[in-house]
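I opened this structure to practise reading a helix and its surroundings. My notes follow in the order I looked things up.

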Amino acid sequence: MERVPVLKIGDILLVSIQVDMSDQTAVTLQEDLAERIVATGCHGVIIDITALDIVDSFVGRMLSTIASISRVLDAETVVVGMRPAVAITLVELGLSLNGIRTALNVERGMELIAAARAAEWVLTDGDEDAETTATT
């Protein structure tokens, strides 16, 4: 069974899918990624699908599931490297990839995650100030 490597870059986990995604590979990736998010406390996951020529409904569902798992564990998911043909196929299959942001490349994906974290910090700081004001 092949495993998809999960690399840590700062506060982000990078998953580069370079293999055909069988059912077992996808389940293993979901488990490995969930464990790594918890172990590292990372707040971002970038899934690089540049090497995938074809994305079917199975891979689309797998990406959505990974994004849902990551979100529950407080990590934003960004899929990068999607080819135009893959995007067209996903749309034709009716897969909207809910909860997944996309970017053209890893660099832009990292920028999206950083912006999302910054916005979250601003909202969190604002909420704390509101609670402090309300209780005094």
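**Notes on α2**

I began with burial in α2: Val 59, Gly 60, Met 62, Leu 63, Ser 64, Ile 66, Ala 67 and Ser 70 are buried there. I should remember that this is a predicted model.

Next I asked what covers those buried residues of α2. I found that the cover includes α1, β3, β4 (76-80) and α3 (84-92).

Then I checked the length. α2 runs over residues 57-72, which is 16 residues. From first C-alpha to last it reaches 23 Å, close to the 22 Å expected at 1.5 Å a residue.

I looked at both ends too. At the start of α2, a side-chain oxygen of Asp 56 comes to within 3.2 Å of the backbone nitrogen of Phe 58. After α2 comes Asp 74, with a positive phi near 70°.

**Gln 30, on α1**

I picked Gln 30 because I wanted to know whether it is buried or exposed. It sits in helix α1. Its relative accessibility is 18%, so Gln 30 counts as buried, the cut-off being under 20%. Leaving out residues up to four places away in sequence, Gln 30 touches Met 62, Thr 65, Ile 66 and Ile 69.

**Gly 41, in a loop**

Where is Gly 41? I found it in the loop between α1 (23-40) and β3 (44-48). Gly 41 has 36% relative accessibility, so I wrote it down as partly exposed. Skipping residues up to four places away in sequence, it touches Asp 11 and Arg 36. I also looked up Asp 74 again: its C-alpha is 8.6 Å from that of Gly 41, with the two residues 33 apart along the chain.

How values were computed:
Residues are numbered from 1 along each chain as its sequence is written. This is a predicted model: local features need pLDDT of at least 70, side-chain atom pairs count only at pLDDT 80 or more; totals for chains, interfaces and linings use all residues. Side-chain values use heavy atoms; hydrogens and water are left out. Helices (H or I, at least four residues) and strands (E, at least two) are DSSP runs, numbered from the N terminus. Buried means under 20% relative accessible area, exposed over 50%, partly exposed in between (1.4 Å probe, protein chains only). Contact means heavy atoms within 4.5 Å. The expected span of a helix is 1.5 Å times one less than its number of residues. A polar contact is a pair of N or O atoms within 3.5 Å; within protein, one must be able to donate a hydrogen and the other to accept it, and residues adjacent in sequence count only if both atoms are side-chain atoms.
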